[in-house]
Structures are given as structure tokens and as C-alpha cells.
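Welcome to a short guided tour. Please open the model in your viewer and keep the selection panel at hand.

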Amino acid sequence: MRLLAATSKRIATRLLREALARVPEGVEARVEALTAEQEWALDVGLELGLSVETRGYLGLRGMRPPAPYIPNGGLL
């Protein structure tokens with residue numbers, strides 16, 4: 001997954017659905033580094049049949065977790 005940013009959860013949900021729909025057949029789709037604020041992304045992944053894993057850590061010191069946003073691990 002690449003970076004996804006939007007102005008609202010509704011738009012972010014639409015963008016994520018569209019991005020996952022464009023993943024070629026046979027290619028693994030992953031949505032990583034989610035926080036509780038990105039439950040909308042978890043809902044989309046579950047709706048589309050992705051499995052849920054817990055690993056890694058996203059630390060946000062002194063910052064509210066961004067909501068309509070999925071970070072790119074390389075940019076963290």
C-alpha cells in the first residue's frame with residue numbers, strides 16, 4: 001500500500017476501495033500501520049476479504065492519530 005490521504009473518512013474509504021480493486025490478480029494486497037483512528041480502513045479490508053494481523057508499532061508522540069490517512073512505512 002502506498003500513502004493514502006483524504007479530507008474525510010468517506011472519501012478515504014472510497015479511495016481505499018478503488019486502490020484495492022486495482023490490485024492485479026495474484027498480487028498480495030496489504031494495508032499496514034493502522035491505528036484505532038483508521039477503523040474505516042480496517043472495515044474496508046475486512047469487507048474485501050483481507051486478513052487482520054497485529055505486528056509492528058506506530059508511535060505518535062504529542063500528535064493526534066490522523067484519521068482519513070494511511071501512512072507509508074518508509075515515510076514514518
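Which element of the protein chain has the lowest mean pLDDT, and which has the highest? Color the chain by pLDDT to look for yourself: this is a predicted model, with E2 at the low end with a mean of 72 and H1 at the high end with 94. For the protein chain as a whole the mean pLDDT is 83, and 82% of the residues reach 70 or more.

**Stop 1: the whole chain**

Switch to a cartoon view. You will find two helices and two strands, arranged along the sequence as β-α-α-β. Now try a surface view: the accessible surface comes to about 5,700 Å², and carbon and sulfur atoms account for 52% of that area. Of the 76 residues in the chain, 20% are buried. If you like contact maps, take those contacts between residues at least 6 apart in sequence: 73% of them join residues at least 24 apart.

**Stop 2: the core**

Select Leu-4, Ala-12, Leu-16, Leu-20, Trp-40, Ala-41, Val-44 and Ile-70 and show their side chains. These eight residues form the largest nonpolar core, to which H1 and H2 each supply at least two residues.

Next, center on Ala-12, one of the core residues. Beyond its neighbours within four places in sequence, Ala-12 is in contact with Leu-4, Ala-6, Trp-40 and Pro-68.

Then move to Thr-13, which is found in helix H1, residues 9-21. Is Thr-13 buried or exposed? Thr-13 has a relative accessibility of 14%, so it counts as buried, the cut-off being under 20%. Setting aside its neighbours within four places in sequence, Thr-13 is in contact with Trp-40 and Val-44, and both of those partners are listed in the largest nonpolar core.

**Stop 3: a bridge between the helices**

Side chains of opposite charge can pair when their charged atoms come close. How many salt bridges does the count come to? The count is five.

Select Arg-17 and Glu-47 for one of them: their side chains meet in a salt bridge, 3.0 Å from N to O. This pair links distant parts of the chain, as Arg-17 sits in helix H1 and Glu-47 in helix H2, 30 residues apart. Arg-17 is partly exposed, with a relative accessible area of 34%.

**Stop 4: a charged network**

Select Arg-30 and Glu-28, whose side chains meet in a salt bridge at 3.3 Å, N to O. Arg-30 is partly exposed at 27% relative accessible area, whereas Glu-28, at 60%, counts as exposed.

Keep Arg-30 on screen and add Glu-53. Their side chains also meet in a salt bridge, here at 3.8 Å from N to O. Arg-30 lies in the loop between H1 and H2 and Glu-53 in the loop between H2 and E2, so this pair ties together parts 23 residues apart in sequence. Glu-53 counts as exposed, with 51% relative accessibility. Add Glu-32 as well: salt bridges with shared partners join Glu-28, Arg-30, Glu-32 and Glu-53 into one network.

**Stop 5: a nonpolar patch outside**

For the last stop, return to the surface view and select Leu-42, Leu-46 and Val-52. Together they make a nonpolar surface patch of about 250 Å². Val-52 lies in the loop between helix H2 (39-47) and strand E2 (69-70).

How values were computed:
Residues numbered from 1 in each chain as written. Predicted model: local features only at pLDDT ≥ 70, side-chain atom pairs only at ≥ 80, totals over all residues. Heavy atoms only, no water. Patch = residues over 30% accessible without salt bridge, like charges linked within 9 Å, V, L, I, M, F, W, Y side chains within 5 Å. Areas by Shrake-Rupley, 256 points an atom, 1.4 Å probe, with all protein chains shown as cover. Salt bridge = Lys/Arg side-chain N within 4 Å of Asp/Glu carboxyl O. Helix = DSSP H or I, 4+ residues; strand = E, 2+ residues; numbered from the N terminus. Buried < 20%, exposed > 50% of the residue type's maximum accessible area, 1.4 Å probe, protein only. Contact = heavy atoms within 4.5 Å. Core = buried A, V, L, I, M, F, W, Y, C linked by side-chain atoms within 4.5 Å. pLDDT = per-residue confidence, 0-100.
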